[in-house]
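This briefing covers one contact between two chains and one sheet. Please look over the sequence and the model before reading on.

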Amino acid sequence: MADPMKIRAKLEGDLLDVRVLMAHPMETGQRKDGAGNLVPAHFIQTITAQLNGKLVFQADTSQAISRNPVFGFKVKGAKAGDKLSITWTDNKGDKRTDEVVVGAG
Amino acid sequence: MKRFTPLLLAVALAPWMIAPPAGADDPRTDAVTALKRDFRPRGITTLDLLVEDGVQAVCNRSDDKPPKAVAQRLEQDQLAGIEWPADGKFVGDWKSGERIAQNGRGMTWSDPAGAPGGGSCYNCHRIGPQETSFGTVGPSLFQFGKIRGYGPDMQRYVYGKIYNAKAYSLCTQMPRFGHVGALTEQQIKDLVALLLDPASPVNR
Amino acid sequence: MTEPFRRTALKRTGALAAAAMAAGLARPGEALADWNKGAFESKTVADALKHLKIAAPADTKDIVIRAPDIAENGAVVPIEIQSNIPGTKSMVVLIEKNPFPYAANFDFAQGAALPFVALRVKMGETSNIRVVVATVDGKFLTAVKEVKVTIGGCGG
Amino acid sequence: MTRALALCAVAAFAAAIPALQAAAQSKPPVERDATTEEFEKFREVLEADNPAELFEVKGAELWKTPRGPKNASLAACDLGLGPGVVKGAYVQLPRYFADAGKVMDAERRIVYCMVTLQGFDEAALAKAPFSTETRTPDPVALTTFVAGQSRGMKIAPPQTEPQERAAYALGREIFFYRAGSYDFACASCHGEDGRRIRTQQLPNLTRADGAIRGYQGWPGYRMTGGVMHTLQWRLNDCFRQERFPEPQYLSDSLTALLTYLAVNAKGQVYKGPGIKR
């Protein structure tokens, strides 16, 4: 199973500054391993973020995103106690969802 | 083996230092003992590499500042060990020289035996104007020929310097690329060309 | 048809699509589009834009791309993109000299997310990073930022 | 050309050398270059969100989970401040441990605990001690966790025991010892201010402000390969580039060098696991 994400959500007024770290190899499919074999492509393709169940941000991504991806985005109209959940899905169908409760700014 | 050039080390050192004591109180002796105990040969690297040769010993014992007389004596010795090109030509192909200057491989435990490595030149020197990723451990070599001239003495000097930098400045940080077999005669000629061919981007 | 990111596949259905519609990321009758394989597998910027149905985006100064002039390591190039264009609906990020230039698309729910994103990308060589913004009224605007990728370290 | 002739030629040439040398030996002035400044601007961005945190989390999990043949956690591991005390331990290492009769750096001590408390086999751990694209060894994640628990604290390795002072002296000696095919010592690259290899700044590790730059950022998330590495790896790869044979994982020589580095960085603030080129 995929390792948990690390989500930081900082509230400034009603603006939520979100940073998320994801543990993922983001293999391009072009890298060779120590034995000289091509490592198959393995990368996150979609990311969605929901605030209290409502979709606010989403991304489609390629293998050009760096290994162990880091994303940042800004959500409007948030308040302390809101639930922010982020989900990624990769090209092998693996999926991971993590959730944080927004703390007071 | 080439790298252990026979040196009259004791003679050279006699005027300014006595042989290091063999007792356990000598920190350098302790260090060498520790290194030999803690290191393992791997790939092309052997434990021999942990043992100082004459030049290294003098530099290690003088904080890289040997007395002038000792330095000169040993520089001459290093100079005498340079194998100059049999055809008397020093200048090869600058394009190949640029590739060799860019290449930082060679002589590590992850490098294959026998394969020609690079000169790691850009690691320490500014050379061609197009390469912005260059080190500053050594002096800039940009416009080397343009500034210093292209003549036969300069060609010979550059060849010798790359072959064995210690022949010109005993405790310089620059490796002895020809002396230890890290670069071939042709590779050194190509590097000379990079610095001294008027057509090389270094001089244009 | 003014919908800029209408894509042919309609696979992403169910709760997510419903949520997307509710958020204004997709309109009724149009499911949130699938990962655009054709665009992601394009080897040129022109092909990728064709797959994304983006035609002749106009240059703008209203997209601010913050990225290093020289990257310390091409494997991790930090980029921040801020659009000052009203009605910014999505952003496409292309790394022009990468083997597959199209790197990512970001969609922002109107009124719920600022048109801002931070990401980190791999760059094989010195290249322009091109961003194309699509607006809710179907306009495309673009800006570029060059990032130099150099050799670092001992190279051994 | 015969040797005798060669020597004659050399003798004739030698007279011309000083002038030539003078022409070629001027080093560039030490200055803040634009490339370095550009790197530093974005270093803040990179450090603000560092994937190293993912490995800290992993290490924290490993620390408290009963594991190994003895099915024990590391809760009883003494990192120098008493059993189970992790906070502040990393910046007070390397130090002498009477139970082991050795000076130990953080990773060495962690492995010692894994062996003595959990029953892991040290030889097995030493077989593949460094991270690859597909595998992060447990001691690496654990060291990252332990290091993270000293974030914002001052480097303060003790030098009270004679063994600790001996380790410093040995480390210093190794640091300046030139050998190998390229005549390099650690000091060849790290004994002077303001120099670079390619675009990479070389900290002068003989001074506090430089030594902290060497200590800082390790354990580090390395952008090349996207893997987590500790100082044990850093020194291993330094010796590879130094054209030396390979130092044994967790050996006295490496602990000695780390002692030299830590003591030189004494009093500087440790920022926690970092991100490296």
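Two strands are said to pair if DSSP finds at least two bridges between them. The model is a predicted one. The points below deal with the contact between chain B and chain D, and then with an open sheet in chain D.

**Extent of the contact between chain B and chain D**

- Chain B contributes 70 residues to the contact, and chain D contributes 48 residues.
- The size of an interface is often given as the accessible area lost when the parts come together.
- Between them, chain B and chain D bury about 5300 Å², and 56% of this area lies on carbon and sulfur atoms.

**Polar links across the contact**

- Chain B and chain D are joined by 7 salt bridges.
- A salt bridge links the side chains of B:Lys166 and D:Asp183, with an N to O distance of 2.7 Å.
- There are also 30 residue pairs in polar contact between chain B and chain D, with both residues at pLDDT 80 or more.

**The side of chain B that touches chain D**

- The elements of chain B that give two or more residues to this side include α2 (27-38), β1 (39-40), α3 (54-61), α4 (68-80) and α8 (152-163).
- With 9 residues, α2(B) gives the most to the side of chain B that touches chain D.
- Sorted by class, this side of chain B holds 31 nonpolar, 22 polar and 17 charged residues.

**Strand pairing between the chains**

- Strand β1(B) pairs with β8 (residues 246-247) of chain D in the antiparallel sense, over 2 bridges.
- In this region, B:Arg40 stands opposite D:Glu246, a residue of β8(D).

**The open sheet in chain D**

- In chain D, 3 strands make up an open sheet with mixed pairing, in the order β7-β6-β10.
- The edges of the sheet are β7 (227-229) and β10 (273-276) of chain D; each has a single partner strand, so one side of each is left without a neighbour in the sheet.
- From one strand to the next, the twist averages 30°.
- Strand β6 (residues 217-222) of chain D runs in the parallel sense with β10(D), and the two pair over 4 bridges.
- D:Arg222 has D:Lys276, in β10(D), as its bridge partner.
- Helix α4 (residues 52-64) of chain D packs on the sheet and touches β6, β7 and β10 of chain D. The direction of this helix makes about 140° with that of β10(D).

Note on methods:
Residues numbered from 1 in each chain as written. Chains lettered and ligands numbered in written order. Heavy atoms only, no water. Contact = heavy atoms within 4.5 Å. Buried area = accessible area lost by both parts, 1.4 Å probe. Salt bridge = Lys/Arg side-chain N within 4 Å of Asp/Glu carboxyl O. Polar contact = N/O pair within 3.5 Å; in protein donor to acceptor, adjacent residues only side chain to side chain. Nonpolar A, V, L, I, M, F, W, Y, C, P; charged D, E, K, R; others polar. Axes fitted to C-alpha atoms, helices over the stretch in contact; angles between N-to-C directions.
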